[in-house]
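Let's take a walk through a protein together. Have the sequence and the 3D view open, and follow along as we go from the overall layout to single residues.

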Amino acid sequence: MNEIIEITSAEQFEKELNTDVPVVVDFFATWCNPCRLQTPILHEFKEEMGDKVKVLKVDVDQNEKVAYDYQIMSIPTICVFKNGELKEKTIGLTPKANLA
């Protein structure tokens with residue numbers, strides 16, 4: 001399972017967070033240029049990390065409730081969850097070295 005999971009609902013988001021591996025979440029929008037630059041970085045990161053991490057992409061325009069619940073005000077925003085709990089939040093384009 002070396003793929004990035006596209007979130008389509010708040011229910012799916014909560015279900016995907018319920019795991020024992022760290023979850024990296026990319027809050028983005030299709031019209032956002034820095035978000036487009038973040039995508040290949042995330043794919044490279046996921047490829048290197050394999051099953052040690054789960055990577056989710058949340059389109060803030062399609063999933064307004066999730067974005068609101070986690071107070072996403074700027075995009076891209078990367079959030080890291082452990083055991084379903086938000087541990088870290090980074091706003092702006094995040095280099096691969098910072099994701100690990």
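We'll begin with the whole chain, then go inside, and finish in the loops.

Before anything else, keep in mind that what you're looking at is a predicted model. Trace the chain from the N terminus and you'll meet its elements in the order β-α-β-α-β-α-β-β-α. That makes four helices and five strands. The radius of gyration comes out at 12 Å, and the globule rule gives 13 Å for 100 residues, so this protein is as compact as a globular protein of that length. If you like to think in boxes, the C-alpha atoms fill one of roughly 30 × 25 × 20 Å along the principal axes.

How does the chain fold back on itself? Take the contacts between residues at least 6 apart in sequence: 69% of them join residues at least 24 apart. As for what ends up inside, 45% of the 100 residues count as buried. On the outside, the protein exposes about 5,900 Å², and carbon and sulfur atoms supply 50% of that area. Charges are part of the picture too: there are 11 positive and 17 negative side chains, and the centres of these two sets lie 4 Å apart.

Now let's go inside. The largest nonpolar core has 21 residues. Phe-13, Leu-17, Val-25, Phe-27, Leu-56, Tyr-70 and Phe-81 are the ones with the most contacts within this core. Which elements each supply at least two of the core's residues? They are β1 (5–7), α1 (10–17), β2 (23–28), β3 (54–59), α3 (64–69) and β4 (77–82), so look for both strands and helices here. The top contributor is β2, which gives four residues. Apart from this core there's another one, made of nine residues, including Val-55, Ile-78, Val-80 and Leu-99.

Pick out Leu-56 to get a feel for the big core. Leaving aside residues up to four places away in sequence, Leu-56 touches Ile-4, Ile-5, Ile-7, Phe-13, Glu-16, Leu-17, Val-23, Val-24, Val-25 and Asp-26. Did you spot Glu-16 among those partners of Leu-56? Let's stop there for a moment.

Glu-16 sits in helix α1. Is Glu-16 buried or exposed? Its relative accessible area is 12%, and buried means under 20%, so Glu-16 is buried. Besides Leu-56, the contacts of Glu-16 beyond four places in sequence are Ile-5, Ile-7, Val-23 and Lys-54.

Next, hop over to strand β4, where you'll find Phe-81. Phe-81 has a relative accessible area of 1%, so it counts as buried. Look at Phe-81 and Val-25: they are 56 residues apart along the chain, yet their C-alpha atoms are separated by 7.9 Å. Val-25 is also one of the residues that Phe-81 touches, along with Phe-13, Leu-17, Pro-22, Val-23, Tyr-70, Leu-86 and Lys-87, again setting aside residues up to four places away.

Strand β4 is also home to Thr-77. With 1% relative accessibility, Thr-77 is buried. What does Thr-77 touch, not counting residues up to four places away in sequence? The answer is Val-25, Asp-26, Phe-27, Ile-72, Lys-89, Thr-90 and Ile-91. You can also find the C-alpha atom of Cys-35 at 8.7 Å from that of Thr-77, although the two residues are 42 apart along the chain.

Last stop: the backbone in the loops. As background, most residues other than glycine have a negative phi, and most peptide bonds are trans. Now check the peptide bond from Ile-75 to Pro-76, which is cis, with omega near -5°. Pro-76 lies in the loop between α3 and β4.

Gln-71 is found in that loop between α3 and β4 too. Gln-71 isn't a glycine, but its phi is positive, at about 50°. Its relative accessibility is 58%, so Gln-71 counts as exposed. Move along to the loop between β4 and β5 (85–91), and you'll come across Asn-83. Asn-83 is another residue other than glycine with a positive phi, near 50°. Asn-83 is exposed as well, with a relative accessible area of 64%.

Note on methods. Residues numbered from 1 in each chain as written. Predicted model: local features only at pLDDT ≥ 70, side-chain atom pairs only at ≥ 80, totals over all residues. Heavy atoms only, no water. Core = buried A, V, L, I, M, F, W, Y, C linked by side-chain atoms within 4.5 Å. Buried < 20%, exposed > 50% of the residue type's maximum accessible area, 1.4 Å probe, protein only. Contact = heavy atoms within 4.5 Å. Rg over C-alpha atoms; globule rule 2.2 N^0.38 Å. Areas by Shrake-Rupley, 256 points an atom, 1.4 Å probe, with all protein chains shown as cover. Lys, Arg positive; Asp, Glu negative; His and termini not counted. Charge placed at Lys NZ, Arg CZ, Asp CG, Glu CD.
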